[in-house]
Structures are given as C-alpha cells and as structure tokens.
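Visitor: I'd like a close look at a single part of this protein. Could you pick one strand, walk me through its surroundings, and then show me how the rest fits in?

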Amino acid sequence: MSFSSSERAKMVALFHELGPDAPTLCEGWSAHDLITHLWVRENRPDAAIGAFVPALSSHADGIARKLRAQKTYEELVDSWGRGAGRLNPLRYADSVFNAAEHFVHHEDLRRANGRTEPRDLSRAAHAELLLPLKLLGTRLLSRSRRPVVLEPQGFPPIVAADKRRVSEQGDAVVRVRGTVAELLLWAFGREAARVEIEGDASAIVRSSL
C-alpha cells in the first residue's frame, strides 16, 4: 500500500469516527466540507478548478451542493475511500497526485480534534513527501522577502525565494527546520506544524497554490 492510499484509509476511519460536524484546520470547514472537497477534487476536475479560477467558483459551489443533496456524509466518505474509478486517470497517478493532499488534510482532521502530536512516520514516507515539499513548498514560499532555507531532518536543504542567490553565502536568509512532513504542513500554512524558525520570520510569505 502506498503512502497516499494508507493516508486515505486512515482518513476514512477518522471521518467515520468524528462525524460530519467535526472541526478541521481549514478555516470555516467541517469534516463534511472537507470530504466534499476531497471527493470533488478527485471526481469532478471541472469543479475542482473553481478553487483556482474565481469565475468558476459558483459552478464548483453548485456541484458541491448537489453532491451533498445526493449523498449522505457516510456515503461520501465511503465513495471517496474506494478511490478513483477505473476510467479516472487519477487512479493510476495516486501516489504523485495525492501524497501531499492526503497527508495535509489528514493532519487537518487529526490536529483539530485533539491529535496534536506529530506522527512517527517512516523514512520512506518522508521520502515520498520530499518531492511535494520541493515542488509545492518552494512555490508557496516564492513571495517571501528573503530566501527561505528549508532544512528537513535527514535530507538536503531546500531553498525557496532566492531571487538574488544570496543563500549561497548564507547571508540574510530565514531557516526553517523540522521533519519533511512538518515542513510540508507548515508550508501549506498550518500553524499547528512543529518547526523551528531561525531568522526574520516576518520576511516569510506563505501563499496559496
């Protein structure tokens, strides 16, 4: 079982345990909102794009409302838990497409409901999250006013927002240390992440995708 599929299975169990009204770290979202987002993202790309294109947001909202009228919370959880259908190309790119998404949203659900301690993930799991940290984490931090050097435990440093290549001298940078998983969670704007920041934290800008 891949890391992303393992996270999916654990989330399904936690969604059922906590119920639709449980809070999440996503501001204003309940567990019901979160599972709706996950289902739409995987099964209705025409609606998922509404998160990035404001003109399509009403279309996305309409699909989400229709979906919740058609399926109960439990049905949504179980449907999403079975993964993408055979004709859905995402079924064959689960590890690449979903590793970061599933990890971050699993933590959104865990940490908003009393499971605040970081999990003891394997090195293999951290290695799988390293690519999303390099690709997405650097993009999320690209507007920072100083270079941000991410220092994941056990892996080489990753530099973001180094527009003038000053990080080569180690001058005027902000260093953020933690596990790959916690750095990824932090880069996605989750204040519950356990990281250590050295330098001018006010220079850091974490954007949305």
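Guide: Let's start with a term we'll need: two strands pair if DSSP finds at least two bridges between them. Keep in mind, too, that this is a predicted model.

Before zooming in, here's the overall layout. The protein chain has eight helices and four strands. Going along the sequence, the pattern reads α-α-α-α-α-α-α-β-β-β-α-β. Of its 209 residues, 44% count as buried. And if you take the contacts between residues at least 6 apart in sequence, 66% of them join residues at least 24 apart.

Now for our chosen part, strand 1, which covers residues 148–152. Five of its five residues are buried, so the strand is largely enclosed by the rest of the structure. Here, buried means under 20% relative accessible area. Look at which way the side chains go: V148, L150 and P152 point one way, while V149 and E151 point the other way. Both sets are buried.

So who are the strand's partners? Strand 1 pairs with strand 3 (residues 174–178) in the parallel sense, over five bridges. With strand 2 (residues 158–160), strand 1 pairs in the antiparallel sense, over three bridges. L150 is a handy residue to follow here. In strand 2, L150 has I158 standing opposite, and in strand 3 its bridge partner is V176. Strands 1 and 2 also form a hairpin, with five residues between them. Find G154 in that turn: it has a positive phi of about 85°.

Next, step back along the chain to R146, which sits in the loop between helix 7 (123–140) and strand 1. R146 has a relative accessible area of 34%, so it counts as partly exposed. Leaving out residues up to four places away in sequence, R146 touches A160, A161, A172, V174, D200 and A203. Take D200 from that list: R146 and D200 are 54 residues apart in sequence, yet their C-alpha atoms are 8.5 Å apart in space.

Keep going back and you reach helix 7, which meets helix 8 (residues 180–187). Two packed helices are described by the angle between their axes and the distance between the axes. For helix 7 and helix 8, the axes come within 9 Å and cross at roughly 30°. Angles under 35 degrees count as roughly parallel, so that is the description that fits helix 7 and helix 8. Their crossing is left-handed. On the helix 7 side, the contact uses H126, L129, L130, P132, L133, G137 and L140. These meet V180, A181, L183, L184 and A187 in helix 8. The contact residues divide into 10 nonpolar, two polar and no charged.

For a second helix pair, try helix 2 (residues 31–43) and helix 5 (residues 73–81). Their axes come within 10 Å and cross at roughly 40°, and helix 2 and helix 5 are therefore oblique to each other. This crossing is left-handed too. Helix 2 brings A31, H32, I35, T36, L38, W39 and E42 to the contact, and helix 5 brings Y73, L76, V77, S79 and W80. That set of residues divides into eight nonpolar, three polar and one charged.

Note on methods
Residues numbered from 1 in each chain as written. Predicted model: local features only at pLDDT ≥ 70, side-chain atom pairs only at ≥ 80, totals over all residues. Heavy atoms only, no water. Axes fitted to C-alpha atoms, helices over the stretch in contact; angles between N-to-C directions. Helix = DSSP H or I, 4+ residues; strand = E, 2+ residues; numbered from the N terminus. Parallel < 35°, antiparallel > 145°, perpendicular 65-115°, else oblique. Left-handed = near helix turned anticlockwise from the far one by under 90°. Contact = heavy atoms within 4.5 Å. Nonpolar A, V, L, I, M, F, W, Y, C, P; charged D, E, K, R; others polar. Buried < 20%, exposed > 50% of the residue type's maximum accessible area, 1.4 Å probe, protein only.
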